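Student: I would like to learn how to read a structural model, feature by feature. Can we take one and go through it together?

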Amino acid sequence: MDVVPAEVLADTGDRRTVDRDLRARQLDGYLRRLARQEAVCRRVLGRLARTFLAGRYHNRLGFARLGDWTRERLGLSARQVQDLARVAERLESLPAIAAAFAAGDVSWTQTRLLATAATPDSEGEWLALARDRTVRALEALVARPPADPDERHRLRFSLRCPRRLRARWRQAVELARRMAGSELPLAAAAEVIAAEGLSAAPAPVDDCPFREPPPEPVDTPADPGWSAVEVPIAEDVEKLLQLGPAGDPFMIDERLRVARRAMQRIDWQMGVLLRTFFDLRLHRAFGFPSASRYVAERLGLSGRKARALVALERGLRRTPALAAAYREGNVSWLRALTLLPVASRDDAWVARAGEVTLRRLVAEVEWALDRRDAGLPTAPPPPGATLAPVERQMCARSDDMLDADITFAAAPSVVALFRAALDAFRPAGEPRWKACEKLLEHVCHEWEAQPQHRDPVFARDGWRCAVPACTSRANLHDHHIRYRSAGGDNSRANRVAICAWHHLRGIHLGRIRAHGTAPHAITWEIGVRRGRPPLLRTLGDRYLP
Ligand SMILES: [Zn+2]
Ligand SMILES: [Zn+2]
């Protein structure tokens with residue numbers, strides 16, 4: 001059941017005539033109850049995740065990397081899941097803080113800070129400190145506050161350019177990932193590209209291209225604002241903690257997914273209310289200088305998380321089919337964000353989100369965006385199709401029109417490095433995108449000349465592990481689908497690129513199975529168990545019943 005009544009979520013009132021104070025108090029009441037429910041879900045996730053991580057259950061389920069399992073099954077990053085588990089572990093030796101959280105006396109953000117700072121001897125003092133201080137003041141008292149996985153300082157880099165240059169950028173990012181042997185985030189790929197460019201460029205580099213922006217003013221209202229919130233939590237979330245005798249990886253995987261779905265339902269409601277709250281600047285009604293201070297102090301949420309919820313909510317307004325799938329928990333938060341740029345044009349994308357692994361979905365959306373740049377239709381590709389890169393000639397049609405962007409968000413140091421690399425490649429008096437073009441040509445040329453790019457099986461499989469949902473590109477092995485010892489031949493149709501972990505500890509330890517013909521007709525069984533169906537069965541990246 002939703003906490004917020006349907007008419008509030010529908011938000012049909014005229015915004016100009018609304019009584020702002022009344023509206024602020026109403027939304028604040030719902031938001032605080034939602035935040036409390038969300039915090040309880042986090043605690044449940046953390047306790048389950050602790051068992052999962054301690055047993056390295058992702059390996060038992062057939063995933064080489066923790067992050068591959070967290071993204072595919074929960075739509076969260078590995079870092080977020082580890083953070084939840086860390087708090088759960090600390091609270092086991094801090095009974096007073098755990099009790100204060102259970103009673104709703106402290107928010108999630110406060111609990112997280114207290115779990116970092118307090119010891120069994122000092123937890124009483126810390127609780128007292130938390131009760132009469134703002135979250136920000138408490139944070140200042142914690143010697144080394146944990147880096148918030150939702151809230152790390154990032155800068156946005158953006159460059160207007162012709163479309164063909166953006167296609168080149170995607171190619172350079174792909175090569176950077178291949179060179180690194182892993183699915184580098186965009187920011188890390190940008191860093192590698194810049195470093196490669198700078199190592200070749202003799203030109204002087206500006207040594208101070210970036211200054212930190214001044215910090216936000218620190219005054220917040222005297223009333224720290226958090227008081228106990230009693231909220232009934234859906235029974236199925238609490239029941240998830242009755243673990244039973246032995247930790248079964250498959251069962252914990254399922255319970256984590258149920259908790260995650262409950263959390264997503266709450267997140268969706270929060271996104272709807274926060275959008276109105278932000279649009280009307282209702283934080284002022286409570287005397288907060290900014291919306292992010294309101295969110296931190298009253299809701300115990302990070303500003304980044306709140307902004308992401310609102311951004312997703314705005315995007316979902318344009319894509320009703322995707323919005324419905326997200327609301328019902330059929331599409332994870334990561335999948336919904338991935339689909340936003342394409343889903344408004346074609347509902348077929350929403351169906352596709354439930355049919356393929358997240359890894360494949362990301363690749364298909366990137367492929368469709370490349371096609372859009374070239375003026376081609378952006379419907380999903382046929383199932384299992386090879387995603388051929390869009391020909392460069394096609395991109396050259398609108399030659400020097402600046403109608404595309406290269407953008408990424410990264411730590412300030414990375415953005416600075418990238419700007420420095422652009423300066424080093426800039427022909428005198430030419431626009432910046434020409435410098436970017438020169439940099440990318442240089443980097444692609446260097447990397448394509450590396451000998452490791454000539455293996456035919458690895459090339460066919462895109463220099464990545466072929467096991468569905470795996471994002472590893474390092475230590476690839478050439479595996480025979482039908483073993484040589486069982487009469488398998490040496491043809492390319494019987495060979496597939498897979499990472500060392502999946503090869504030695506997945507396939508050859510019986511946690512995953514593969515049969516069929518490479519590259520398009522391999523059936524995978526991931527998370528193989530005795531007497532019951534495997535966790536996942538797929539044909540390539542496509543789920544099988
Ligand atoms: Zn093998
Ligand atoms: Zn793998």
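Student: Where is Gly 55 found?

Tutor: Elements come first: helices (H or I, at least four residues) and strands (E, at least two) are DSSP runs, numbered from the N terminus. Here Gly 55 sits in the loop between α2 (20-54) and α3 (57-60). This is a predicted model, in which local features need pLDDT of at least 70, side-chain atom pairs count only at pLDDT 80 or more, and totals for chains, interfaces and linings use all residues. Residues are numbered from 1 along each chain as its sequence is written, chains are lettered from A and ligands numbered from 1 in the order in which they are written, and side-chain values use heavy atoms, with hydrogens and water left out.

Student: Is Gly 55 buried, partly exposed or exposed?

Tutor: Buried means under 20% relative accessible area, exposed over 50%, and partly exposed in between (1.4 Å probe, protein chains only). Gly 55 has a relative accessible area of 34%, so it is partly exposed. Its C-alpha is 8.7 Å from that of Gly 247, although the two are 192 residues apart in sequence.

Student: What does the whole chain look like in these terms?

Tutor: The protein has 24 helices and eight strands, and 51% of its 545 residues count as buried. For contacts, the criterion is heavy atoms within 4.5 Å. Among contacts with a separation of 6 or more, 70% are between residues 24 or more positions apart.

Student: Which residues does Leu 256 touch?

Tutor: Leu 256 belongs to helix α13 (residues 249-279). Leaving out residues up to four places away in sequence, Leu 256 touches Leu 45, Leu 48, Ala 49, Phe 52, Trp 69 and Leu 74. Its relative accessible area is 2%, so Leu 256 is buried. The C-alpha atoms of Leu 256 and Gly 46 are separated by 9.2 Å, with their positions 210 residues apart along the chain.

Student: Which residues are the protein donors of the zinc ion (ligand 2)?

Tutor: Donors are N, O and S atoms within 2.8 Å of the metal (3.2 Å for Na, K and Ca); water is not among the atoms, so sites may look incomplete. For ligand 2 the donors are Cys 465 (SG), Cys 470 (SG), Cys 499 (SG) and His 502 (ND1), lying 2.0 to 2.4 Å from the zinc ion. Cys 470, in the loop between α23 (456-460) and β3, and Cys 499, in strand β4 (residues 495-499), link distant parts of the chain, 29 residues apart. Four donors count as tetrahedral if all angles lie between 85 and 135 degrees. The angles here are 105 to 116°, and the site is tetrahedral.

Student: What are the protein donors of the zinc ion (ligand 1)?

Tutor: They are His 479 (ND1), His 503 (NE2) and His 508 (NE2), at 2.1 to 2.4 Å. His 479 lies in strand β3 (residues 476-480) and His 508 in the loop between α24 (500-507) and β5 (512-517), so this pair ties together parts 29 residues apart in sequence. His 479 is buried, with a relative accessible area of 3%, whereas His 508 is partly exposed at 40%. The spacing of the donor residues in sequence is H-x23-H-x4-H.

Methods. Four donors count as tetrahedral if all angles lie between 85 and 135 degrees; four count as square planar and six as octahedral if opposite donors are over 155 degrees apart and all others between 65 and 115; anything else is irregular.
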